[in-house]
Amino acid sequence: DRSWSVEGTGKAKNLFGYADILDATVSYGWSQSTEVSVGAALPRLRHWATPVFARASLLSQDWQLLSSYKEQSLGVGLGLLSTENHNLMYNFTWRTLIDPSQMAGASVRRQLGHSLISSLKYTFKVDKRNSPIRPTRGYAFSFSTLLAGLNPDNRSGRFIRQELDLRYAFPLGFNRTALNLGVSAGVIFPWGKGFLDRPSSLPDRFFMGGNSSPVCSLSGPNSLLGFKSRGLGPTEPRRQTRENPESDSSVASARDVLGGDLAVSAFADLSFDLPLRIFKEAGIHGHVFAAAGNLTKLTENEWRNFSAKGFLETFRSTVGCGIIVPTKLFRMEVNYCHIVRQFEHDHGKTGVQARLVLRAAAGVKVRPLWWLLQW
């Protein structure tokens with residue numbers, strides 16, 4: 001299984017004399033996502049104490065293979081506060097979920113149609129690590145709260161979504177060896193009348209997996225090496241049709257990935273220089289890692305059945321090692337992942353997982369991503 005994405009960006013600076021920056025971005029992901037967005041940033045605008053920025057975007061995502069729906073959204077975002085540690089953003093989004101295959105399970109079908117998302121997101125972030133690419137000392141912390149449902153429309157999604165990221169790196173004193181530790185957690189819950197009986201917003205739930213490294217990013221509990229994107233967590237069977245009867249084993253085994261209302265992930269990563277001088281000078285280094293994570297449902301009164309012991313006992317986990325090659329033209333990470341624990345309906349696989357990001361001229365990036373290339 002492999003996927004490609006291509007992204008192009010154009011920028012114009014100081015057109016209005018306020019150190020403004022205008023940009024337009026187009027990205028295309030093979031068989032998954034397409035996004036077009038335009039943005040404006042005004043670092044200096046008369047008496048405003050902080051930069052002013054705004055962005056409009058059109059997004060289309062295809063999750064039919066994993067969750068039986070396609071998502072289309074048109075949104076506008078306005079930055080209200082932006083400092084070194086604080087960020088406050090307002091977003092207004094019109095979202096549409098459809099099921100072209102008409103095979104979605106009951107949980108997905110209930111959320112098909114149009115909805116409005118009027119939300120305010122606050123993020124507090126501190127990053128004192130010595131490198132954004134290969135941190136060997138320092139710490140980072142990020143906490144965000146998103147409140148959706150600020151307009152009175154009954155089609156408006158109403159939920160609270162919180163994320164927490166902790167990172168700590170410390171050197172071991174030899175061969176530029178450093179140990180990075182990290183924990184990420186997130187929870188989403190609807191609010192309003194009868195919120196205990198309602199499900200959370202499907203696209204805004206937490207999904208885990210993929211091949212992005214959690215060491216440098218502060219993006220919530222969404223990464224678990226060795227598992228396919230959306231490769232673990234709650235699922236349900238897709239419905240059967242006359243054209244695809246229940247006796248068809250390939251259809252009967254297909255399930256929709258539903259995501260989780262509560263997600264927790266953790267990792268330990270030991271990075272080190274490779275012995276050859278040419279590798280050291282190029283910044284090529286190795287690492288060994290261990291990671292674990294889990295998702296569960298809390299809404300629709302499922303929180304009554306939640307237990308910390310049961311949640312910990314169903315953690316998925318993986319260990320592995322790899323080589324990271326950072327250059328001016330590309331960044332490549334090749335890992336061997338060994339699945340220690342997974343459960344029925346999970347999509348984890350022991351093997352080689354590689355990620356390559358190519359940087360071309362004129363602001364164009366080509367990103368081929370290979371999933372679990374097997375020796």
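Start with the lining of the largest cavity in this predicted model, where the residues to select divide into five nonpolar, five polar and three charged. Of the 13 residues in that lining, I133, V215, D269, H285 and I324 are the closest to the centre of the cavity, and they make a convenient first selection. The space they surround has a volume of about 100 Å³, and it is one of three cavities of 30 Å³ or more that the structure holds. If you then colour strand 13, residues 262-273, and strand 14, residues 285-296, you will have marked two elements that each supply at least two residues of this lining.

Keep those two strands coloured and move to the second largest cavity, which holds about 60 Å³ of space. To display its lining, select R167, S184, P214, G220, N222, S223, L224, S265, A266, F267, A291 and A292. Strand 13 and strand 14 are the elements that give two or more residues to the lining of this second cavity, and strand 13 provides the largest share, with three residues. Sorted by class, the lining of the second largest cavity has six nonpolar residues, five polar ones and one charged one.

From that selection, keep L224, which lines the second largest cavity and is also among the residues with the most contacts inside the largest nonpolar core, together with F159 and M208. This core has 16 residues, and strand 8, residues 138-148, supplies at least two of them, as do strand 13 and strand 14. In soluble globular proteins, nonpolar side chains tend to be buried together. To see the surroundings of L224, show M208, G209, G210, L232, A291, A292, G293, R316 and T318, which L224 touches when residues up to four places away in sequence are not counted. A second, separate core of 10 residues can be found by selecting L66, Y69, L97 and V257, which are among its members.

Next, select S73, which lies in strand 5, residues 69-82. Is S73 buried or exposed? The relative accessible area of S73 is 9%, so S73 counts as buried, the limit for that class being under 20%. Leaving aside neighbours within four places in sequence, S73 is in contact with S57, L58, L59, T93, W94 and R95. If you draw a distance from S73 to L58, the C-alpha atoms are separated by 5.9 Å, although the two residues are 15 residues apart along the chain.

Now turn to the second largest pocket, which holds about 430 Å³ of space. Its lining is made of 21 residues, and a selection of Q111, S115, S156, G157 and S201 will show you those that lie nearest its centre. Strand 6, residues 86-98, and strand 7, residues 113-127, each supply at least two residues of the lining of this pocket, with strand 7 giving the most, four residues. The lining of the second largest pocket divides into seven nonpolar, nine polar and five charged residues.

Finally, clear the selections and show the whole protein, which has five helices and 18 strands. Of its 375 residues, 40% are buried, while the protein exposes about 19800 Å², with carbon and sulfur atoms supplying 61% of that area. Among contacts between residues at least 6 apart in sequence, 56% join residues at least 24 apart.

Terms used. Residues are numbered from 1 along each chain as its sequence is written. This is a predicted model: local features need pLDDT of at least 70, side-chain atom pairs count only at pLDDT 80 or more; totals for chains, interfaces and linings use all residues. Side-chain values use heavy atoms; hydrogens and water are left out. On a 1 Å grid over the protein atoms alone, a cavity is a set of points where a 1.4 Å probe fits but cannot get out, and a pocket is an open set with protein on both sides within 12 Å along at least five of seven lines; lining residues have an atom within 4 Å of a point. Grid points are joined across faces, edges and corners, and a volume is the space filled by probe spheres set on the points. Ala, Val, Leu, Ile, Met, Phe, Trp, Tyr, Cys and Pro count as nonpolar, Asp, Glu, Lys and Arg as charged, and the others, Gly among them, as polar. A nonpolar core is a set of buried Ala, Val, Leu, Ile, Met, Phe, Trp, Tyr and Cys residues joined through side-chain atoms within 4.5 Å. Buried means under 20% relative accessible area, exposed over 50%, partly exposed in between (1.4 Å probe, protein chains only). Contact means heavy atoms within 4.5 Å. Accessible areas come from the Shrake-Rupley method with a 1.4 Å probe; for residues, only the protein chains shown count as cover.
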